[in-house]
Amino acid sequence: MFITFEGIEGAGKTTQIKLLYEFLKSRGNNVVITKEPGGTELGKRIRDLILNPNIDDKPIGMSEIFMYLADRAHHVETFIKSYLKKNYFVISDRYIDSTIAYQGYGRLFDIQILEYLNNIATQGLKPDITFILDLEVENGLNRIKNRNLLDRIEQESFEFHSRIRKGFLEISKKENRFCVINSNDTIENVFEKIKNIIVDKIKIEM
Ligand code: T5A
């Protein structure tokens, strides 16, 4: 079972993924957590090239797309597929939908081309369930504002992040795998909703 979490900055993905991991583990399942960019050793290097705000020669939009895709192609082939073959629950913090939301709706690259490139990079591998954690951009950015150093994309404008939120909500209407969760709630309440959906969809023992 391949589960992905998506959403704007500060939506609470990392927090909820940890809770879901503990929940599934405590019921005896094999579970692994990963993320994009940076789910592999190569990916960690790519992540730094994309997100480090202190690199003088910053990637242009097109280079950014291909770096995310390079990270993804490597991640799918060397990590995700091998755990899925071993019947693990694979939970990824971001995947294909972030490229559509950030590079498509955020940077205004052609969405059909991005979908095509995603398909090549992943060899068509789609998640079984994608949670989109949704909240107001102000709230998300407030949650992360005290971090020591915001990365290159977190430093983008309010308008950029607003387009991304809108993008995720539009994407969510396209396929049945999406579950939009209002994350403007307590951590416990958000997790309760996620847990109920997982229990219902995969009929695991409570
Ligand atoms: N990107 C990525 C692209 O542009 N294209 C792509 O194809 C891909 C794959 C990745 C960046 O790359 C971009 C998107 C991103 O900008 P990242 O470091 O992985 O960078 O950034 P995020 O995924 O946005 O991670 P964040 O840590 O910023 O957000 P999370 O994981 O959604 O939030 P989380 O769980 O760390 O929570 C943030 C804070 O809020 C608190 C937490 O305790 C924490 O302090 N919090 C709550 N507070 C109140 N109520 C709740 N319900 C809360 N839930 C969490």
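**Figure 1. The ligand and its pocket.** In this predicted model, the ligand takes up the space of the largest pocket. A pocket is found on a 1 Å grid over the protein atoms alone, as an open set of points where a 1.4 Å probe fits, with protein on both sides within 12 Å along at least five of seven lines. The model is a prediction, in which local features need pLDDT of at least 70 and side-chain atom pairs count only at pLDDT 80 or more, while totals for chains, interfaces and linings use all residues. Residues are numbered from 1 along each chain as its sequence is written, and side-chain values use heavy atoms, with hydrogens and water left out.

**Figure 2. The shell around the ligand.** The ligand is surrounded by 29 residues (each with a heavy atom within 4 Å of the ligand); K13, T14, T15, R47 and T99 are the closest. By class, 12 residues of the shell are charged (Asp, Glu, Lys and Arg), 8 are nonpolar (Ala, Val, Leu, Ile, Met, Phe, Trp, Tyr, Cys and Pro) and 9 are polar (the others, Gly among them). At least two shell residues come from each of α1 (13-26), α2 (41-51), α3 (61-85), α4 (96-106) and α6 (137-144). Helices are DSSP runs of H or I with at least four residues, and strands are runs of E with at least two, numbered from the N terminus. With 4 residues, α4 gives the most to the shell.

**Figure 3. Polar contacts of the ligand.** Polar contacts here are pairs of N or O atoms within 3.5 Å. Polar side-chain atoms of T14 and Y68 each lie by an oxygen atom of the ligand, at 2.4 Å for T14 and 2.8 Å for Y68. G10 uses a polar backbone atom, 3.2 Å from a ligand oxygen. Taken alone, the ligand exposes 1000 Å², of which the protein buries 82% (Shrake-Rupley method, 1.4 Å probe).

**Figure 4. A salt bridge between E64 and R107.** The closest N and O atoms of this pair are 2.8 Å apart. A salt bridge has a side-chain nitrogen of Lys or Arg within 4 Å of a carboxyl oxygen of Asp or Glu. The pair links distant parts of the chain, 43 residues apart: E64 is in α3, and R107 is in the loop between α4 and α5 (111-122).

Note on methods:
Polar contact = N/O pair within 3.5 Å; in protein donor to acceptor, adjacent residues only side chain to side chain. 1 Å grid on protein atoms, 1.4 Å probe; cavity = no way out; pocket = protein on both sides within 12 Å on 5 of 7 lines; lining within 4 Å. Sits in = over half its atoms within 2 Å of the grid points.
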